[in-house]
There are 2 protein chains.
Amino acid sequence: MDKIRFAPRLSVEEVEEGCVLAPKFGPDGLIPCITTDADSSEVLMLGWMTAEALRLTLETGEAHYFSRARQTLWRKGATSGLVQQVVEARIDDDQDAIWLRVAVAGSGASCHVGYRSCFYRAIPTGSAAGALLVFMEDQKSFDPVATYGDAANPTQL
Amino acid sequence: MDKIRFAPRLSVEEVEEGCVLAPKFGPDGLIPCITTDADSSEVLMLGWMTAEALRLTLETGEAHYFSRARQTLWRKGATSGLVQQVVEARIDDDQDAIWLRVAVAGSGASCHVGYRSCFYRAIPTGSAAGALLVFMEDQKSFDPVATYGDAANPTQL
């Protein structure tokens with residue numbers, strides 16, 4: 001039995017100022033999800049959710065996403081063990097984006113490349129704009145080859 | 001003269017492990033951008049950028065987005081004065097998402113509804129899943145009517 005119901009979006013006022021969950025999914029059926037570490041506040045990843053992934057996340061308290069590369073529902077940590085326990089979920093003003101604050105199991109990493117955060121590189125700005133990207137994590141938190149074996153890399157060109 | 005050049009995406013290894021900026025824009029020409037408060041680490045908003053908006057953000061050090069509602073380039077704070085000064089910019093593993101850490105001018109708010117963060121409502125999870133949204137900010141930081149007058153509300157149903 002589903003505990004979660006997504007309400008219809010009937011008015012801007014209700015969507016912005018109301019207390020009813022009425023998420024908007026894009027033409028591809030997806031809503032973006034910002035995931036941060038509940039302890040450090042670091043942004044770990046930007047994921048995508050179908051209605052099913054959002055419902056499972058809210059009901060189970062564990063982050064579920066939709067893998068655009070594999071075109072399938074994805075319980076985060078199913079392969080790696082790096083499960084994301086939801087500490088708090090939020091939705092934005094027009095209800096077309098989710099923010100999850102999570103506690104990550106194991107090494108605490110969330111990036112398939114092996115880093116803690118997917119955002120492990122800084123882009124120089126201002127007078128330094130145009131310079132090379134700068135790595136912000138000294139080393140990987142886990143070995144992706146040992147963890148994922150020969151599974152296809154989700155990064156698409 | 002543009003200081004920023006976006007490199008072609010030639011290999012997964014270079015995109016993930018390299019130091020060259022090679023962002024991926026979606027079929028709509030947009031890349032999502034997570035914007036957090038550099039001081040509090042709070043997530044303020046999820047915005048969208050065209051190549052031009054990203055280039056201007058990196059070169060000027062002030063956040064620029066693309067307004068999907070108005071279908072136009074948007075220097076954040078142009079109307080409200082709530083300019084976002086970029087403290088740090090990052091890009092994710094497959095270079096299809098941006099993270100900006102910013103210092104917000106004036107009241108420090110970033111949400112057109114008047115709140116500090118666009119994510120001013122929590123969604124109950126787990127055993128409380130299905131309950132009403134909970135407001136996480138006691139009051140608005142500014143009066144959107146006084147600030148925006150009769151400009152069209154960007155929220156779309």
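**Close-up 1. Helix α2 of chain A lies across strands from both chains.** In this predicted model, helix α2 (residues 51-60) of chain A lies across β2, β5 and β6 (98-104) of its own chain, together with β7 of chain B. Take β2(A) as the reference and the helix runs at about 125° to that strand.

**Close-up 2. Chains A and B both put strands into one open sheet.** Six strands make up this sheet, and the pairing is mixed. Reading across, the order goes β2(A)-β1(A)-β6(A)-β5(A)-β7(B)-β8(B). At the edges sit β2 (43-49) of chain A and β8 (134-135) of chain B, each pairing on one side only.

**Close-up 3. Here's the seam in the sheet, where β5 of chain A pairs with β7 of chain B.** Which way do β5 (residues 84-91) of chain A and β7 (residues 121-123) of chain B pair, and over how many bridges? The sense is antiparallel, and there are three bridges. Zoom in on the residues and you'll find A:R90 opposite B:A122, while A:I91 has B:R121 as its bridge partner in β7(B).

**Close-up 4. A salt bridge joins B:K140 to A:E17 across the chains.** The two side chains meet at 2.7 Å, N to O. Across the interface of chain B and chain A, the rule finds four salt bridges. Polar contacts between the chains come to 42 residue pairs, counting pairs with both residues at pLDDT 80 or more. On chain B, the elements that give two or more residues to the side touching chain A are α1 (12-17), β1 (31-37), β2 (43-49), α2 (51-60), β5 (84-91), β6 (98-104) and β7. Sort that side of chain B by class and you get 35 nonpolar, 13 polar and 17 charged residues.

**Close-up 5. Stepping back to the whole A-B interface, chains A and B bury about 5700 Å² between them.** Of that buried area, 60% is on carbon and sulfur atoms. How many residues does each chain bring to the contact? Chain A gives 65 residues, and chain B gives 65 residues.

**Close-up 6. Over in chain A, β3 and β4 form a hairpin.** Strands β3 (residues 64-67) and β4 (residues 72-75) of chain A pair in the antiparallel sense over four bridges. One cross-strand pair to look for is A:Y65, which stands opposite A:W74 in β4(A). Between the strands come four residues, and A:Q71 in this hairpin takes a positive phi near 55°.

Conventions: Residues are numbered from 1 along each chain as its sequence is written. Chains are lettered from A and ligands numbered from 1 in the order in which they are written. This is a predicted model: local features need pLDDT of at least 70, side-chain atom pairs count only at pLDDT 80 or more; totals for chains, interfaces and linings use all residues. Side-chain values use heavy atoms; hydrogens and water are left out. Two strands pair if DSSP finds at least two bridges between them. Contact means heavy atoms within 4.5 Å. Axes are lines fitted to C-alpha atoms, for helices over the stretch in contact, and angles run from 0 to 180 degrees between N-to-C directions. Buried area is the accessible area (1.4 Å probe) that two parts lose on being put together, summed over both. A polar contact is a pair of N or O atoms within 3.5 Å; within protein, one must be able to donate a hydrogen and the other to accept it, and residues adjacent in sequence count only if both atoms are side-chain atoms. Ala, Val, Leu, Ile, Met, Phe, Trp, Tyr, Cys and Pro count as nonpolar, Asp, Glu, Lys and Arg as charged, and the others, Gly among them, as polar.
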